[in-house]
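You asked for a short reading of this model before you use it at the bench. My notes are below, as numbered points.

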Amino acid sequence: CFAARASPEMETTSPAADSSDPGLREHTPLRGWAIFILFQQMGSFATLVSFTFGLMLPSIRKDVGLTDTQAGALAAVAWAVSALCAVPFAAFFSRFNPVRLVGVMAALVAICVALQSLAASFVMLFVIRFASVMLQACQAPARPILIQQWISLRHIATANGLSFAFHSII
């Protein structure tokens with residue numbers, strides 16, 4: 001009951017004949033793998049920064065003079081912002097070019113990470129961490145679009161396996 005009926009337009013155009021769509025190619029180009037792997041590495045880097053913040057929190061607490069409540073707020077902001085922003089950001093940012101989107105957001109996240117190391121107060125740390133997580137959430141819709149645009153159908157399982165492997169290393 002869910003099968004699509006073939007229209008005359010669909011019958012005349014074979015997916016294999018349309019090589020302009022990278023997802024329908026037989027092989028994934030080297031540039032496609034490079035873009036996908038860089039995207040995965042940026043996601044793993046963001047996760048690493050988020051998790052290592054918790055490891056560095058005792059030193060940060062001592063240096064900045066944070067209370068228990070402030071330390072808890074800094075630790076929780078990443079999860080709260082991700083939970084609140086994931087769906088609306090996916091709906092909004094999925095319309096943009098994923099390569100440009102990821103490039104711009106990655107540069108801005110890198111700036112936030114550098115600024116976080118210079119923050120001297122709770123407010124600065126909170127705002128920078130909030131902004132960093134929001135920028136990371138903006139990149140989330142790019143993953144399926146990048147896969148669709150750059151990875152051939154034949155290699156999607158390999159791409160997902162590489163994604164899990166890269167993320168599991170961290």
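The points that follow cover confidence, fold, open and closed spaces, and charge pairing.

1. Confidence overall. This is a predicted model, and the protein chain averages a pLDDT of 81. Of the residues, 85% score at least 70. By element, H5 has the highest confidence, with a mean of 91, whereas helix H1 (residues 8-12) has the lowest, with a mean of 37.

2. The N-terminal stretch. Residues 1-18 have a pLDDT below 50. Beyond near neighbours in sequence, this stretch makes 4 contacts in the model. Where pLDDT is low, predicted coordinates should not be read in detail.

3. Fold. The protein chain has 7 helices and 0 strands, so the order of elements from the N terminus is α-α-α-α-α-α-α. Of its 170 residues, 32% count as buried. Among contacts with a separation of 6 or more, 79% join residues 24 or more positions apart.

4. Largest pocket, size and lining. The volume of the largest pocket is about 700 Å³. Its lining has 25 residues, and those nearest the centre are Gly43, Ser44, Ala46, Thr47 and Gln136. Five helices each give two or more residues to this lining: H2 (30-64), H3 (68-93), H4 (98-118), H5 (122-139) and H7 (156-169). H2 contributes the most, at 10 residues. By class, the lining of the largest pocket holds 14 nonpolar, 10 polar and 1 charged residues.

5. Second largest pocket. This pocket encloses about 210 Å³. Its lining consists of Val49, Thr52, Met56, Ile60, Asp63, Val64, Val113, Gln116, Ser117, Ala119 and Leu125. H2 and H4 are the elements that supply two or more of these residues, and H2 has the largest share, with 6. The class counts for this lining are 7 nonpolar, 3 polar and 1 charged.

6. The cavity. There is 1 cavity of 30 Å³ or more in the structure, and its space comes to about 40 Å³. It is lined by Val49, Ser50, Gln116, Arg129, Ser132, Val133 and Gln136. Both H2 and H5 give two or more residues here, with H5 giving the most, at 4. The cavity lining divides into 2 nonpolar, 4 polar and 1 charged residues.

7. Residues that recur. Gln136 lies among the residues nearest the centre of the largest pocket and also lines the cavity. Val49 and Gln116 line the second largest pocket and the cavity as well. H2 leads the contributions to the largest pocket and to the second largest pocket, while H5 leads in the cavity.

8. Salt bridge. How many salt bridges does the model hold? The count comes to 1. The pair is Arg61 and Asp68, whose closest N and O atoms are 2.4 Å apart; this pair qualifies because the cut-off is 4 Å. Side chains of opposite charge can pair when their charged atoms come close.

9. Exposure of that pair. Are the two partners buried or exposed? Arg61 has a relative accessibility of 30% and counts as partly exposed, because the partly exposed class runs between the 20% and 50% limits. Asp68, at 57% relative accessible area, is exposed, because that class begins over 50%.

Methods
Residues numbered from 1 in each chain as written. Predicted model: local features only at pLDDT ≥ 70, side-chain atom pairs only at ≥ 80, totals over all residues. Heavy atoms only, no water. Salt bridge = Lys/Arg side-chain N within 4 Å of Asp/Glu carboxyl O. Buried < 20%, exposed > 50% of the residue type's maximum accessible area, 1.4 Å probe, protein only. 1 Å grid on protein atoms, 1.4 Å probe; cavity = no way out; pocket = protein on both sides within 12 Å on 5 of 7 lines; lining within 4 Å. Points joined across faces, edges and corners; volume = space filled by probe spheres on them. Nonpolar A, V, L, I, M, F, W, Y, C, P; charged D, E, K, R; others polar. pLDDT = per-residue confidence, 0-100. Contact = heavy atoms within 4.5 Å.
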